[in-house]
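Let's take a walk through this structure together, one stop at a time. Have the sequence and the 3D view open as you read.

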Amino acid sequence: MVKFFRSGNPLTVLLLLLYTLVVKFHYLYYPSTYLADGSEGLLYDLLVKWLRALVGPSPFFFTSLAIMILLLQALLITKIVNHQRLFAKPNYLPAMSYMLFTSLLHDWNVFSPALLVNLIMLWVFSSITLLYTRTSARDVVFNIGFALGICGLFYFPAIIFCLLLLMSLLIMRPFRLAEWIIAVLGLVGPLYLLGTYLFLTDQWGLFEKIPRIGLSIELILHYKVWGAIVFSVVFFLLGWALLQRSLKKMLIQGRKIWGVLVIYVFVAMLIPFFNFHFSPAYWVLAILPLSMFVANVYWSIRNNTMANVIHLLTVAYVIVMQWFSSNH
């Protein structure tokens, strides 16, 4: 199975569709509506109201939409990775890894603000990879900051991704104060424009729904959450360790992009703690960059038998947790 995803053949997309149906079938069989825990942003509220008016509170529709978004993200992250040549040859391992690891936890397959933020973050990450080659990056930096500001309107703690932008500027470019100032201006731009619109249309009361942020640290008790965390952390560490063998052979830009990905994972892991109500559902923000380290595990293990054994054990764990454990 793994060797097929190691291929860069476009027909692998058909295999990915079948793979998605296998690892996501349980969530389609037991669909959920959408996440609404009080942490969602104003744009997310408006989008959900529009979708409810369109199709009603259909669990199957919202779950299908969530899985289609995940599949789109898997294909887009694969395109970015292959374009930047983070692996020796084009492959579909990032897509496979993302679909597999988002299947570890039910909450990562529910329509939520985090899924929408991940869509924007794909564009943000793609833009960050361009910073190294630009002579002047002020326009790119402003656009990235503006995109992160939009993320905050869907899920306000996502504003913390500004740390990723600032650290990326340190890694990818020499320090220029003007670029940092422009990044901050881009970040506050969406909030300023929305606030202006709400003020002029006498809807200022809605602005109070935007800055939903707090600090929530809760003890995780559910074994499924712990299982997903352990699998994710182990594969992340293994992927990073195996990466060291090929890192020295990469171009400087490739090494810097992998460094940005490490920071991306850590920042995304911290963001859910800045909710009023902590929810593991928002850790899907970290699974997006983490899937590239998972892909590196399968890429680095050249023995097909060993790679397939590791893959099948992971799939078996996913299926068991979905179908044969309590709390469907």
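**A guided walk**

Three helices share a job at our starting point: helix H10 (223–247), helix H11 (252–270) and helix H12 (284–300) each supply at least two residues of the lining of the largest pocket. Keep in mind as we go that this is a predicted model. The pocket holds about 430 Å³ of space, and its lining is made up of 18 residues. Look for Arg85, Leu86, Phe87, Ala88 and Met250 if you want the ones nearest the centre. Sorted by class, the lining has 8 nonpolar, 7 polar and 3 charged residues.

Let's stay with Arg85 for a moment. You'll find Arg85 in the loop between helix H4 (59–83) and H5. Is Arg85 buried or exposed? Its relative accessible area is 70%, so Arg85 counts as exposed. The backbone is worth a glance here too: phi of Arg85 is near 55°, a positive value in a residue other than glycine.

Now step along to helix H5, where Leu93 sits. Leu93 has 0% relative accessibility, so this residue is buried. Setting aside neighbours within four places in sequence, Leu93 is in contact with Val2, Phe5, Arg6, Ala295, Tyr298 and Trp299. For a sense of distance, try Phe231: Leu93 and Phe231 are 138 residues apart in sequence, and their C-alpha atoms are 17 Å apart in space.

Thr102 is the next stop, in the loop between helix H5 (93–101) and helix H6 (113–128). Thr102 is buried because its relative accessibility is 0%, under the 20% cut-off. Which side chain makes a polar contact with the side chain of Thr102? That would be Lys24, at 2.6 Å. A polar atom of the Thr102 side chain also lies 2.7 Å from the backbone oxygen of Tyr98. Beyond residues up to four places away in sequence, Thr102 touches Lys24, Leu70, Trp108, Asn109, Val284 and Ile287.

Time to look inside. In soluble globular proteins, nonpolar side chains tend to be buried together. Here, the largest nonpolar core has 109 residues, and H12 gives the most to this core, with 13 residues. The residues with the most contacts inside this core are Phe111, Val117, Met121, Phe161, Trp258 and Tyr264. Pick Phe161 and see what surrounds it: leaving aside neighbours within four places in sequence, Phe161 is in contact with Val117, Met121, Leu148, Tyr264, Val267, Ala268, Ile271 and Leu285.

Our last stop is the loop between H11 and H12, where you'll find Ser279 and Tyr282. Ser279 counts as buried because its relative accessibility is 10%. Tyr282 is buried as well, with a relative accessible area of 0%. What does Ser279 contact, once neighbours within four places in sequence are left aside? The answer is Asp37 and Pro272. Asp37 and Pro272 also appear among the residues that Tyr282 touches, not counting residues up to four places away in sequence. The rest of that list is Leu35, Ser39, Glu40, Pro113, Ala114, Tyr155 and Asn275. One more distance to try in the viewer: Tyr282 and Gly56 are 226 residues apart in sequence and 24 Å apart in space, C-alpha to C-alpha.

How values were computed
Residues are numbered from 1 along each chain as its sequence is written. This is a predicted model: local features need pLDDT of at least 70, side-chain atom pairs count only at pLDDT 80 or more; totals for chains, interfaces and linings use all residues. Side-chain values use heavy atoms; hydrogens and water are left out. On a 1 Å grid over the protein atoms alone, a cavity is a set of points where a 1.4 Å probe fits but cannot get out, and a pocket is an open set with protein on both sides within 12 Å along at least five of seven lines; lining residues have an atom within 4 Å of a point. Grid points are joined across faces, edges and corners, and a volume is the space filled by probe spheres set on the points. Helices (H or I, at least four residues) and strands (E, at least two) are DSSP runs, numbered from the N terminus. Ala, Val, Leu, Ile, Met, Phe, Trp, Tyr, Cys and Pro count as nonpolar, Asp, Glu, Lys and Arg as charged, and the others, Gly among them, as polar. Buried means under 20% relative accessible area, exposed over 50%, partly exposed in between (1.4 Å probe, protein chains only). A polar contact is a pair of N or O atoms within 3.5 Å; within protein, one must be able to donate a hydrogen and the other to accept it, and residues adjacent in sequence count only if both atoms are side-chain atoms. Contact means heavy atoms within 4.5 Å. A nonpolar core is a set of buried Ala, Val, Leu, Ile, Met, Phe, Trp, Tyr and Cys residues joined through side-chain atoms within 4.5 Å.
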